[in-house]
Amino acid sequence: MTDIPLRKIDHVRFFVGNARQSAFFYRNAFGFDVIAYAGLETKVRHEAGYVLKQGEITFVLTSPLSDQHPESKRLVSHGDGVMDVALDVPDVRAAFDEAVRRGANPARAPEALEDEYGVYETASIHAYGDTTHTFINRDRYRGVFAPGYRPIDPERYQDKTARPVGLAAIDHMVANVEEGKMNEWVGWYNKILGFNQLVSFDDKDISTEYSALMSKVVQNGTGRIKFPINEPAKAKRRSQIDEYLQYYGGPGIQHIALITGDIIKTVRAMRANDVSFLRVPMTYYETLTARVGPIREDLKELADLGILVDKDDEGYMLQIFTKPVADRPTLFFEVIQRRGSKSFGKGNFKALFEAIEREQELRGTL
Ligand code: FE2
């Protein structure tokens, strides 16, 4: 299928129980600036919204203000999580019409929202579970984010400005879908959005003694947008994907990988801000040099911070994963630095999934 022209991920919208407090978390723990707000004070009656920015990353946190909000039931079924991944397109109506013609289930018809800052165009389609993709175009919009949102004066919002931790852009966003559904969704991205399959991992790549999963990565024509899609595979005990599906109440976004140019600096800052990361055993670092060869970073520093390394033909990459960011064992984040490698850390899967299983054991969900 030919591509529907997509420029980039414009923003990720999270639906959360308390957007004000989530904004505080992403600001103080992850170093995001809170740049815009929508709510009662800006004449938005049904929800509160905060727009957060760091580098090229834009997160929007939305909370309903009453049970009359059309999405309010999400909070019971999913807890806090990603509701929408918005894609910047040159032509919203063309993207929407073409997607629907190819079989996408429409969520919101094209609309041109207007205020004194111009015209903001938007339309949405349903993806897996309750997740949507919104096509947006802000070429004719000069406001801070979208109609209804007003800039936040950081001095007035809280008494200190954010301390950025060096997160620069979204590298990839991973979906968990039900057993047997991975290929269906890979096909959906191919058919509806013209994405191609980049790489696939089967249960032989991604299994431990106890649990397994399968994964395929799809990307758009420019390679700028990458969505790995996981499904659980049969194993002795319960896969982390099954745990996610149970607690999220269906398929959804499992993790968002954020790029940094200096992972040591970023992770040190995030740890100082009390972000909890998964730990692998120290034995991981004993065999690291033998596995990946020489690297520029100091091994001891990587071991202290718990940063993982993997390599492919083109270079190496460094990565680390947070623990889930809410009470349910659902959404978490990855921090990633690429030194040539375009991989997803296949060489780390085993150590990583064993670390996740230790957490599952504590939760009684393995
Ligand atoms: Fe990842």
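## Strand 1 and His11

Strands here are DSSP runs of E with at least two residues, numbered from the N terminus. By that count, His11 belongs to strand 1, residues 8-15. The model is a predicted one.

His11 has a relative accessible area of 3%. The cut-off for buried is under 20%, so His11 is buried. Its side chain makes a polar contact of 2.7 Å with the side chain of Asp10. Beyond the neighbours within four places in sequence, His11 is in contact with Thr58, Val60, Asp84, Val85 and Ala86. Tyr120, Ile136, Arg138 and Phe145 are also in contact with His11.

## The iron site

Which protein residues are donors of the iron ion? They are His172 and His255, each through NE2, and Glu334 through OE. These donors lie 2.0 to 2.2 Å from the iron ion. Along the chain their spacing reads H-x82-H-x78-E. His172 sits in strand 10 (residues 167-176) and His255 in strand 14 (residues 252-260), so this pair ties together parts 83 residues apart in sequence.

Are the two histidines buried or exposed? His172 is buried, at 3% relative accessible area. His255 is buried too, at 7% relative accessibility.

## Nonpolar cores

The largest nonpolar core holds 96 residues. Phe14, Phe135, Tyr189 and Ile256 touch the most other members. Helix 5 (residues 182-193) gives the most to this core: seven residues. Domain 1 (8-151) and domain 2 (167-363) both give residues, so the core lies between them.

Phe14 shows the contacts in detail. Leaving out residues up to four places away in sequence, Phe14 touches Tyr26, Phe59, Val60, Leu61 and Thr62. Gly81, Val82 and Met83 are also among the residues touched by Phe14. So are Ile256, Leu331 and Phe333. Apart from the largest core lies another, of 12 residues. Its members include Ala38, Ile136, Ala146 and Tyr149.

## Phe353 in helix 11

Phe353 is placed in helix 11, residues 349-363. Phe353 is buried, with a relative accessible area of 11%. Which residues does Phe353 contact, leaving aside neighbours within four places in sequence? They are Ile206, Thr208, Leu213 and Gln240. Thr208 is 145 residues from Phe353 along the chain, yet their C-alpha atoms are separated by 7.0 Å.

## A hairpin of strands 15 and 16

Strand 15 (residues 308-312) and strand 16 (residues 315-321) run antiparallel. Five bridges join them. The hairpin passes from strand 15 to strand 16 through two residues. Within the pair, Val309 stands opposite Leu318 of strand 16.

## Two positive phi angles

Most residues other than glycine have a negative phi. Lys43 is not a glycine, but its phi is positive, about 70°. Lys43 is in the loop between strand 2 (33-38) and strand 3 (47-54). Its relative accessibility is 72%, so Lys43 counts as exposed.

Asp274 also has a positive phi, near 75°. Asp274 is found in the loop between helix 7 (263-272) and helix 8 (283-286). At 68% relative accessibility, Asp274 counts as exposed.

Methods:
Residues numbered from 1 in each chain as written. Predicted model: local features only at pLDDT ≥ 70, side-chain atom pairs only at ≥ 80, totals over all residues. Heavy atoms only, no water. Pairing = 2+ DSSP bridges. Helix = DSSP H or I, 4+ residues; strand = E, 2+ residues; numbered from the N terminus. Buried < 20%, exposed > 50% of the residue type's maximum accessible area, 1.4 Å probe, protein only. Contact = heavy atoms within 4.5 Å. Donors = N, O, S within 2.8 Å, 3.2 Å for Na, K, Ca; no water. Polar contact = N/O pair within 3.5 Å; in protein donor to acceptor, adjacent residues only side chain to side chain. Core = buried A, V, L, I, M, F, W, Y, C linked by side-chain atoms within 4.5 Å. Domains from an automatic or database assignment.
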